[in-house]
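Here are some exercises to work through with the model open beside you. Try each task on your own before you read the solution.

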Amino acid sequence: MPNSRTLLAVAVLAVASTASAEQAPVTGPRPFAGKPFQTSVVATFDRPWAMAFLPDGRMLVTQKAGQMLLLSADGQRRTEIAGIPAVNPAGQGALGEVVPHPDFARNHLVFFSYSSAGAPNGIVLARGKLAGDLDGARLDSVTTLYSGFPLRGGGSQYAGRIAFSPDGYLFFSIGERQKATPAQDPTGVLGKIVRLTLDGKPARGNPLVGQGFDPAVWSYGHRNPLGLAFDLQGRLWEDEMGPRGGDEVNLILPGRNYGWPIVSNGDNYDGSLIPDHPTRPDLEAPKVSWNPSISPSSLLVYSGKLFPKWQGKALVGALSGRSIILVELGQDDAREQARYDMTNRIRAVQQGPDGAVYVLEDGADARLLKLTPKH
């Protein structure tokens with residue numbers, strides 16, 4: 001029979017697990033909701049990775065192998081943009097995120113990330129000036145602003161998402177390259193989110209300066225943070241892929257440790273167990289966790305008018321989940337509100353200037369879909 005100390009320990013863990021479940025519900029299989037939108041096909045691509053809109057409605061789309069494309073607002077015309085650095089597309093490597101400068105209309109600057117060629121390699125944040133038009137576009141004065149380190153041979157999980165904060169800084173997500181332990185190493189930036197100036201320098205006032213961390217680090221203990229976005233209140237949210245299960249949505253707070261690989265609501269691919277988040281209440285727990293995995297690929301906080309019931313909520317693109325997941329964002333919590341079946345793997349979700357939602361499928365012959373309300 002168990003002794004009294006064992007029974008007490010079990011009781012404490014049960015209470016902790018219950019409290020954590022209230023804070024971060026683990027979502028299992030659930031029925032798909034009826035779609036409040038209709039879809040139309042805008043264009044097709046070869047393994048696209050990310051997209052962004054320019055102020056005049058034209059689109060930028062990146063493809064995994066290293067192409068950046070400029071498209072007309074209706075998607076019917078396109079040109080490949082010259083001047084893109086060499087990319088290592090092996091594994092999860094790609095020409096990744098693309099985001100125009102907040103003042104693009106004046107300066108024509110474009111920020112993008114890519115997995116660098118050569119070995120060992122890493123994730124790079126770069127910037128260039130878009131010149132030309134649909135008859136021939138190029139990026140001039142391409143500059144490397146920041147590189148993830150230490151460099152690693154093998155492994156994937158580069159991440160490389162970009163988000164501009166309301167107060168004028170740049171946040172950049174960096175994966176742990178499938179090496180796990182670097183996410184807890186204070187001297188490197190793998191498995192971290194960094195806060196930079198728009199010139200790629202560590203921002204002043206970062207929370208872990210003086211504690212042995214690289215001066216750029218904003219938060220740590222991340223696995224593969226593939227979604228990064230500010231909500232309408234100026235708070236930073238992130239989604240990331242867990243191991244086998246345990247995909248997460250996190251509210252990113254300065255200086256916090258999000259636990260990987262110490263804790264996870266999933267387990268290792270070899271079947272070995274990882275302690276769940278409730279066992280370490282000193283580490284930041286996810287606001288939403290999925291088990292089985294949905295493989296979150298992107299994160300959009302919707303601010304448009306076409307879908308008023310989505311305003312201020314997050315849209316998560318799901319690869320293995322083959323869906324778009326609507327997540328309601330609370331003050332200190334979040335919950336899955338609806339899941340929309342998209343049939344195919346979803347690589348990216350973006351909002352257009354007109355408030356329509358644009359969805360990039362994953363893979364060869366992937367479609368760019370435009371979502372508008374049903375009438």
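A pocket, as the word is used here, is an open set of grid points with protein on both sides within 12 Å along at least five of seven lines, and its lining residues have an atom within 4 Å of a point. Keep in mind that this is a predicted model.

**Exercise 1. Find out how confident the predictor is, and where caution is due.**

Step 1: Begin with the average. The protein has a mean pLDDT of 93, and 94% of the residues score at least 70.

Step 2: Now go to the start of the chain. Residues 1-22 have a pLDDT below 50, and this stretch has five contacts in the model beyond near neighbours in sequence.

**Exercise 2. Describe the largest pocket: which strands line it, and which of them gives the largest share?**

Step 1: Take the volume, which is about 890 Å³ for the largest pocket.

Step 2: List the lining. It has 36 residues, and those nearest the centre of the pocket are V99, I162, L300, Q350 and Q351.

Step 3: Assign strands. At least two lining residues come from each of β3 (48-53), β7 (95-100), β11, β15, β19 (296-301) and β23. The largest share belongs to β15, with five residues.

Step 4: Sort the lining by character. You should arrive at 25 nonpolar, eight polar and three charged residues.

**Exercise 3. Trace the open sheet of four strands and explain what is special about its edges.**

Step 1: Write down the order, β2-β25-β24-β23, in which the pairing is antiparallel.

Step 2: Look at the ends of that order. β2 (37-45) and β23 (346-351) are the edge strands; each has a single partner, so one side of each is left without a neighbour in the sheet.

Step 3: Add the twist, which averages 20° from one strand to the next.

Step 4: Zoom in on one pair. β23 and β24 (residues 357-361) are joined by five bridges in the antiparallel sense. Within β24, Y358 stands opposite Q350. You have met Q350 already, among the residues nearest the centre of the largest pocket.

**Exercise 4. How many cavities of 30 Å³ or more does the structure hold, and what lines the largest?**

Step 1: Count them: there are three cavities of 30 Å³ or more.

Step 2: Pick the largest, which contains about 80 Å³ of space. Its lining has 14 residues, and W49, Q92, A94, Y158 and A159 are the closest to its centre.

Step 3: Ask which strands contribute. Both β8 (109-115) and β15 (224-230) supply at least two residues of this lining, and β8 gives the most, with three. Strand β15 also supplies residues to the lining of the largest pocket.

Step 4: Check the character of the lining of the largest cavity. It divides into seven nonpolar and seven polar residues, with no charged ones.

**Exercise 5. Examine the backbone at P120, P150 and S141.**

Step 1: Start at P120. The peptide bond from A119 to P120 is cis, with omega near -10°, and P120 sits in the loop between β8 and β9 (123-133).

Step 2: Move on to P150. The bond from F149 to P150 is also cis, here with omega near 0°. This proline lies in the loop between β10 (136-147) and β11 (159-164).

Step 3: Finish with S141, a residue of strand β10. Its phi is near 50°, a positive value in a residue other than glycine.

Conventions. Residues numbered from 1 in each chain as written. Predicted model: local features only at pLDDT ≥ 70, side-chain atom pairs only at ≥ 80, totals over all residues. Heavy atoms only, no water. Pairing = 2+ DSSP bridges. Axes fitted to C-alpha atoms, helices over the stretch in contact; angles between N-to-C directions. pLDDT = per-residue confidence, 0-100. Contact = heavy atoms within 4.5 Å. 1 Å grid on protein atoms, 1.4 Å probe; cavity = no way out; pocket = protein on both sides within 12 Å on 5 of 7 lines; lining within 4 Å. Points joined across faces, edges and corners; volume = space filled by probe spheres on them. Nonpolar A, V, L, I, M, F, W, Y, C, P; charged D, E, K, R; others polar.
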